[in-house]
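Thank you all for making time this morning. I would like to take a few minutes to go through one model with you, so please have it open as I talk.

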Amino acid sequence: MTVTRSELREKIMTILYQISLYKSNNIEYDVEKIISENIEIQNEFVKEMVYGIITYKEKLDEIANENLSNWTIDRLDSMGQEILRMGIYEMKYTDTPDLVVINEAIELAKKFSDDSVRKMINAVLDKLINQE
């Protein structure tokens, strides 16, 4: 069974959302277990993204906050936060083309967040492209 990168990104977002729920409710969790509960096969892209976003969360939030106008990432809905972190991480730390990153983030935001959050995610990722 072949899984597309788009489907994997949706799984990654779900994994990150679950981890954020566990953290906010002070529940112990095992990242590997959460990953295996959400995806049947071992996948390096998923692991790299999940562990990278967890590792660089503070830096990703800092980048987001620097590029949000009169707003901070913690004011976005939970799914929007994870989508934005994924986009920033993938843009900064992987070789995925920037336009693919933006398109994938926008598609996730259309599906899981409201229009205003989608526009903020688009604006932040757009600013990052122009900074490079």
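I will go through the aromatic rings, then two charges over rings, then a pair of helices, and finally two loop residues.

Please keep in mind throughout that this is a predicted model, and that the values I quote are computed from it.

Let me start with the rings. A pair of aromatic rings is described by the distance of the centres and the angle of the planes. Searching the whole structure gives four aromatic pairs, and one of them is formed by Y89 and Y93, whose centres are 5.0 Å apart and whose planes make an angle of 25°. Because planes under 30 degrees apart count as stacked, this pair of Y89 and Y93 is classed as stacked. As for where the two tyrosines sit in the sequence, Y89 and Y93 are four residues apart in helix α5, which covers residues 78-93, so about one helical turn separates them. Their surroundings can be described through accessibility: Y89 is buried, at a relative accessible area of 5%, whereas Y93 is partly exposed, at 33%. The ring pairs also bring in Y56, so that Y56, Y89 and Y93 are linked into a cluster.

Turning to charges over rings, there are two arginines I would point out. R5 lies over the face of F45, 3.8 Å from the ring centre, and R75 has its charged end over the ring of W71, at 3.7 Å from the centre of that ring.

Coming back to α5, which carries the stacked tyrosines, how does it pack with α7? Helix α7 spans residues 115-131, and the two axes are 10 Å apart at an angle of about 15°. Since angles under 35 degrees count as roughly parallel, α5 is described as roughly parallel to α7, and the crossing of the two is right-handed.

Finally, the loops. D30 belongs to the loop that connects α1 (5-24) with α2 (31-38), and it is partly exposed, with a relative accessible area of 44%. A polar atom of the D30 side chain lies 3.2 Å from the backbone nitrogen of E32. In the loop between α2 and α3 (44-55) we find N43, which is buried at a relative accessible area of 17%, and a polar atom of its side chain lies 3.0 Å from the backbone nitrogen of V46.

I am happy to take questions.

How values were computed:
Residues numbered from 1 in each chain as written. Predicted model: local features only at pLDDT ≥ 70, side-chain atom pairs only at ≥ 80, totals over all residues. Heavy atoms only, no water. Phe/Tyr/Trp six-rings, centres within 6.5 Å; stacked < 30°, edge-to-face > 60°. Buried < 20%, exposed > 50% of the residue type's maximum accessible area, 1.4 Å probe, protein only. Lys NZ or Arg CZ within 6 Å of the ring centre and 35° of its normal. Polar contact = N/O pair within 3.5 Å; in protein donor to acceptor, adjacent residues only side chain to side chain. Axes fitted to C-alpha atoms, helices over the stretch in contact; angles between N-to-C directions. Parallel < 35°, antiparallel > 145°, perpendicular 65-115°, else oblique. Left-handed = near helix turned anticlockwise from the far one by under 90°.
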